[in-house]
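Trainee: Please show me the structure, and then let me ask why things are called what they are called.

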Amino acid sequence: MTQALIVVDVQNDFCPGGALAVPGGDEVVAPINAMMVQFDTVILTQDWHPAGHSSFASSHPGKAPFETVEMAYGTQVLWPDHCVQGSDGAAFHEELRTDGDLILRKGFRVGIDSYSGFFENDQTTPTGLEGYLRSRGITGLTLAGLATDFCVAFTALDAARLGFAVTVDLTACRAIDLDGSLQAALTQMKEAGIVLQS
Ligand code: VGL
Ligand code: ZN
């Protein structure tokens with residue numbers, strides 16, 4: 001089995017001091033840097049939104065961050081403005097090694113969010129990552145990064161559905177944990193046959 005490491009969204013806005021800070025988000029940097037040397041292929045995802053993105057509460061008058069809205073593709077959580085293309089907040093944590101093979105940006109369409117590295121939140125628009133992995137002969141994936149219950153879980157669940165053998169290293173992940181979202185994500189990942197390392 002050819003293995004790749006997917007490093008999910010280890011960006012300033014998800015670290016302490018950032019616009020959508022994940023508690024302990026910066027703690028994943030050192031273990032991820034250490035993991036990178038064990039993989040032939042390292043892929044990093046980068047949340048990359050245009051200003052005025054539809055996942056931002058500021059784009060919905062009367063709505064506050066962490067409320068939800070109904071979009072054409074289903075329920076969407078609204079977030080503080082974060083990871084705006086080209087901003088410091090969208091940059092990778094400065095101590096993260098970024099010398100991987102591929103940096104995959106996602107969430108760049110104004111009208112649709114993309115938690116998963118494989119499909120946008122309509123669950124049908126592909127990012128191209130599946131084709132990249134298949135053409136490189138990669139069949140096993142290990143995931144780490146931010147946030148466990150959103151972008152890591154959505155990426156892991158899509159990967160498992162696509163037939164990849166998936167491990168999530170929880171020691172190198174941190175969660176947002178909104179209304180029980182962490183427990184729900186862990187349960188779903190277990191049910192999907194994803195190996196959870198802790
Ligand atoms: C993420 C919320 C909004 C994540 C990205 O990386 O988990 N969460 N955008
Ligand atoms: Zn985002």
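Mentor: This is a predicted model. Take arginine 134 to begin with: its relative accessibility is 43%.

Trainee: Why is arginine 134 called partly exposed?

Mentor: Buried means under 20% and exposed means over 50%. Arginine 134, at 43%, falls in between, so the term is partly exposed. Glutamate 130, with 26%, is partly exposed by the same rule.

Trainee: What makes glutamate 130 and arginine 134 a salt bridge?

Mentor: The side chains meet at 3.0 Å, N to O, and the cut-off is within 4 Å, so the pair counts. Both residues lie in helix H2, four residues apart, about one turn of the helix. Other salt bridges share partners and join Asp9, Asp47 and Lys106 into one network.

Trainee: Why is aspartate 99 called exposed?

Mentor: Aspartate 99 has 51% relative accessibility, and exposed means over 50%, so the term applies. Its salt-bridge partner is arginine 97, which is partly exposed at 34%.

Trainee: How do you know that Asp47, His49 and His82 are donors of the zinc ion (ligand 2)?

Mentor: Their donor atoms lie 2.0 to 2.2 Å from the zinc ion, and the limit is within 2.8 Å, so they count as donors.

Trainee: What makes the site of the zinc ion (ligand 2) irregular?

Mentor: The angles among its four donor atoms run from 88 to 168°. Tetrahedral requires all angles between 85 and 135 degrees, and 168° is outside that range, so the site is not tetrahedral. The site is classed as irregular.

Terms used. Residues numbered from 1 in each chain as written. Chains lettered and ligands numbered in written order. Predicted model: local features only at pLDDT ≥ 70, side-chain atom pairs only at ≥ 80, totals over all residues. Heavy atoms only, no water. Donors = N, O, S within 2.8 Å, 3.2 Å for Na, K, Ca; no water. Tetrahedral: all angles 85-135°; square planar, octahedral: opposite > 155°, others 65-115°. Buried < 20%, exposed > 50% of the residue type's maximum accessible area, 1.4 Å probe, protein only. Helix = DSSP H or I, 4+ residues; strand = E, 2+ residues; numbered from the N terminus.
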